[in-house]
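This report walks through one protein chain, moving from its interior to its strands and then to the empty space inside. Please keep the sequence and the structure in view while reading.

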Amino acid sequence: MKKITFIISFLLTGHIWVAYGQQQVFDLSRMLTENKLVASPGKQVTAFKDGDKQGVSCNSIVWLKDVNFKHGTIDVDLRGKDVFLKSFLGIAFHGVDTTTCDILYFRPFNFRHADTLRRKWSVAYMSLPDNDYARLRKEHPLVYENAVNPVPKADEWFHARLVLKGKRLSVYVNHSSRPSLEVTLLNERADGLFGLYADGLPGDFANLTINTEP
């Protein structure tokens, strides 16, 4: 009976609920064909298949319809571009809209940059609209940004795990046991819209899973 329930859920929604609704495994390319991904006006989302990776590319915030994220663990595979100051990608959450949300994102062009300081700007958190990266970097240098470890190549696939417990967000790269970044959220929103975030050149997203706590 459980297997039948999971299959019906996937067919109806484009994602699977497992363990009594605590885990969601998203088929992003299928959600795109079923109009369950909401892009910013004038922006596009495209599907792709790259070996064992199947997902979507975008260069804006793309909200997942009917997904409200509170806290838990987010797993996703990402791929940016090795183009300086042109590739930003990650996850947007606790959103009201594209101007009011939390964003955890990566700057792949900084992953292996020759400048030591720039490497410490590889992964970042910001809370829009009041705490964008410029303000946080100026007022709290290297608190809301850090290097990633282990260090992927700028244009290769890497895995990110975001763990949100209460207001504490921890970010792990490529299955490391040590977080690349740990921050405390900078607003009082407890839940909200959930989506993919990219800016500049398109970023690629695949294998998205959300595990929520009871």
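## The nonpolar core

In this predicted model, the largest nonpolar core gathers 53 residues, and the members with the most contacts inside that core are L28, L64, F93, L104, F106, L169 and F194. As a general background, nonpolar side chains in soluble globular proteins tend to be buried together.

L104 gives a useful close-up of how such a residue is surrounded. Leaving aside residues up to four places away in sequence, L104 touches G90, I91, F93, V123, A124, Y125, L162, L169, V171 and L181. Two of the residues in that list, F93 and L169, are themselves named among those with the most contacts inside the core.

## The chain as a whole

The chain contains four helices and 16 strands, and buried residues make up 48% of its 214 residues. Among the contacts in the chain with a separation of 6 or more, 64% are between residues 24 or more positions apart.

## An open sheet of seven strands

Which order do the strands of the open sheet follow? The order is β3-β6-β15-β8-β9-β10-β11, and the pairing is antiparallel. Strands β3 and β11, the latter covering residues 145–146, are the edge strands, since each pairs on one side only.

Starting from the β3 edge, strand β3 (residues 37–39) is joined to strand β6 (residues 62–69) by three bridges, with the two strands running antiparallel, and here V38 stands opposite W63. Strand β6 also pairs with strand β15 (residues 192–200) in the antiparallel sense, over four bridges, and F69 has G192 as its bridge partner in β15. Strand β15 in turn pairs with strand β8 (residues 87–97), again in the antiparallel sense but over seven bridges, and in this pairing the bridge partner of F88 is D199.

## The space left inside

How many cavities of 30 Å³ or more does a search of the whole structure find? The search finds one, and the space in the largest cavity comes to about 50 Å³.

The lining of this largest cavity consists of Y125, Y133, L136, R137, H140, P141, L142, V143, Y144 and E145. Helix α4 (residues 133–139) supplies the largest share of that lining, namely three residues. Sorted by character, the lining residues divide into seven nonpolar, one polar and two charged. Y125, which belongs to this lining, is also one of the residues that L104 touches.

Notes: Residues are numbered from 1 along each chain as its sequence is written. This is a predicted model: local features need pLDDT of at least 70, side-chain atom pairs count only at pLDDT 80 or more; totals for chains, interfaces and linings use all residues. Side-chain values use heavy atoms; hydrogens and water are left out. A nonpolar core is a set of buried Ala, Val, Leu, Ile, Met, Phe, Trp, Tyr and Cys residues joined through side-chain atoms within 4.5 Å. Buried means under 20% relative accessible area, exposed over 50%, partly exposed in between (1.4 Å probe, protein chains only). Contact means heavy atoms within 4.5 Å. Two strands pair if DSSP finds at least two bridges between them. On a 1 Å grid over the protein atoms alone, a cavity is a set of points where a 1.4 Å probe fits but cannot get out, and a pocket is an open set with protein on both sides within 12 Å along at least five of seven lines; lining residues have an atom within 4 Å of a point. Grid points are joined across faces, edges and corners, and a volume is the space filled by probe spheres set on the points. Ala, Val, Leu, Ile, Met, Phe, Trp, Tyr, Cys and Pro count as nonpolar, Asp, Glu, Lys and Arg as charged, and the others, Gly among them, as polar.
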